[in-house]
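Please look over the sequence and the structure shown here before reading on. The briefing is meant to be read alongside them.

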Amino acid sequence: MSIDHATVRRIARLARIAVAEAELPALADELGRVLALADALAAASDAHAVEPMAHPHAQALRWRDDVVSETDHADEWLALAPEARADLYVVPKVIE
Amino acid sequence: MSSSALNPQPAALGTWQAVIGLEIHAQLNTASKLFSGAATAYGAAPNRQAAALDVALPGTLPVPNRAARDKAIRFGLAIGARIAEQSIFARKNYFYPDLPKGYQISQYERPIVSDGRLPVRLDDGRVIEVAIQRAHLEEDAGKSLHDAFHAASGIDFNRAGVPLLEIVSAPVLHSAQEAVAYLRAVHTLVRWLGICDGNLQEGSFRCDANVSVRPAGSSVLGTRTEIKNVNSFRFVEKAIEYEIERQIRVLENGERVVQETRLYDAAHHRTRPLRGKEEAEDYRYFPDPDLPPIVVTAAEIEAIRATLSELPHARRRRYVETLGLPEADAAQLCADKATADYYEALCAARPGPAKPGADANPAGGREWAKLCANWVLGELAAALNAAELPIEATRVTAPALAGLLARLADGTISGRIAKEVFAAMWAGEGDAETIIAARGLAQISDDGALAAAIDAVLAEFPSQVQDYRRGNDKLLQFFVGQTMKRLRGQAHPQRLNALLREKLGSRAEGRGL
């Protein structure tokens, strides 16, 4: 499966990655080869008999009890942010 | 329950059929978050309940909360759904400042609950079965505050990571009224099961509606829009109604409905576009590599099933079929578990007769059940409303109210006096017996006392007695009134009537008239 430049641009935008026009051909080629590998797997005659794998390790989730175990570290975490005011993380205005 | 009478279907709907599916987000009432040990309590100061994981600091890993899983299973069992022995958490990728990881942990393929159904009673008494396609676990996002700062938004991550159960109905609802009835039924159920507090104002129960319209008789779904931002049952109903009418207008003008997310604006009763769906929809789900599959054993499912009590629709049916309550009473009593349980306790707390010789069962079981229903839905509900108290905080307990109703049922007091006694009980003056005795409110049904009063009245009004005996039957009420007045309203009305007729009649015979 081949990928066109418009698709690469769109994926880059969804992932919030800045991609220069000059990089598009190489990226399209690389992503196309990744998809070709997936196509090859899908085409393998016995692949459908295998249960889809959710996780590479054969293990189930470990659960914790419903207990509040966290203490308040708000000041430390807020201090890490580029900008914080009034105990809020501040970001450029987002308006829907 | 709702305003179907006030909101008639638009006339144009005749040639169109609305198709509605709801996505309900019920916040699971756990103490800690879905993947961190931070508290979930509502109303804390900003960011004080956000752990390193919730603000997505590097190096943190999610550890899931068993109680959230068990509450999801509880819901699944209550709607007769399939509980997946193995389900998986997936990452739903999108970019927004209140989602610091860049993805929400949710479920996509293999949700924990699928293929359930819920009986829903409509306002007109019809019951429909609504198919619930799935219910899955996911974490909530943080909260953006757009008005906090000039030219900047503030983010509070206290809500980030709070467990949600997203309940997705099939597109099987065909009017705003059906959608709201279903929404209310889910609201009742999650509170009944004790898995969600159902508080709409605080956002612990939210709903998005997918609405489309198609020509009546068609089996192809039309293009749908999604309405967000509705936080009351009334607004859900109005928003869906508006959206159905808008789509019909668009189609009848020969235009096409655009697939998009729309916000409901309650102030102007309209919906407006939020954003085009094409790009936002591209969530690039994939299984979360940080979280192995959720495995639930049959034994764990059975252990949860064993803790389920009678469900609201079953209880409603029992009240109608076994207790003989009217449908509307049963539905109102079963709207929340605390009320239904109070009613249950009240019915069961019927004390024995107080007076020797009184009929041990003066009212049949069904009459008692109906009397109890009347009082829970009438006097008690009014008192709770006035005091702005939930029924859990009632000042008159079920056994106490049973004591009062027993005196009403056996004729010790009248309905009017019972209300007075109830008010005194509510004010904390003691139990019914104490108040009746202290205020001398017991009805006089002793024939000797009644007869003496009647004789005095008949002696006082000889000309009226003559008129009555000449055939003016209406005067009986006059004698009843005068005797009641003499006895300060405490005469047992049926007994008084019978004695009066007897005396007026017997004298007449005595005089040979």
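The points below take up the contact between two chains, a sheet that they share, and the domains of one chain.

This is a predicted model, in which local features need pLDDT of at least 70 and side-chain atom pairs count only at pLDDT 80 or more, while totals for chains, interfaces and linings use all residues. Residues are numbered from 1 along each chain as its sequence is written, and chains are lettered from A and ligands numbered from 1 in the order in which they are written.

**Contact between the chains**
- Chain A contributes 34 residues that are in contact with 46 residues of chain B, contact meaning that C-beta atoms, placed from the backbone, lie within 7 Å.
- On the chain B side, two or more residues come from each of helix H1 (66–78) and strands E8 (143–149), E9 (152–156), E14 (270–276) and E16 (294–295); helices (H or I, at least four residues) and strands (E, at least two) are DSSP runs, numbered from the N terminus.

**The shared sheet**
- An open sheet of 4 strands follows the order E1(A)-E2(A)-E9(B)-E8(B) with antiparallel pairing, where pairing requires at least two DSSP bridges between two strands.
- Its edge strands, each paired on one side only, are E1 (84–85) of chain A and E8 of chain B.
- Between the chains, strand E2 (residues 88–92) of chain A runs antiparallel to E9(B) and is joined to it by 4 bridges, and A:Pro92 stands opposite B:Ala152.
- Within chain B, 4 bridges join the antiparallel strands E8(B) and E9(B), with B:Leu145 having B:Gly154 as its bridge partner.

**Domains of chain B**
- Chain B is assigned domain 1 (11–305), domain 2 (312–438) and domain 3 (447–510), with bounds from an automatic or database domain assignment.
- The C-alpha centres of domain 2 and domain 3 of chain B are 34 Å apart.

Notes: Contact = placed C-beta atoms within 7 Å.
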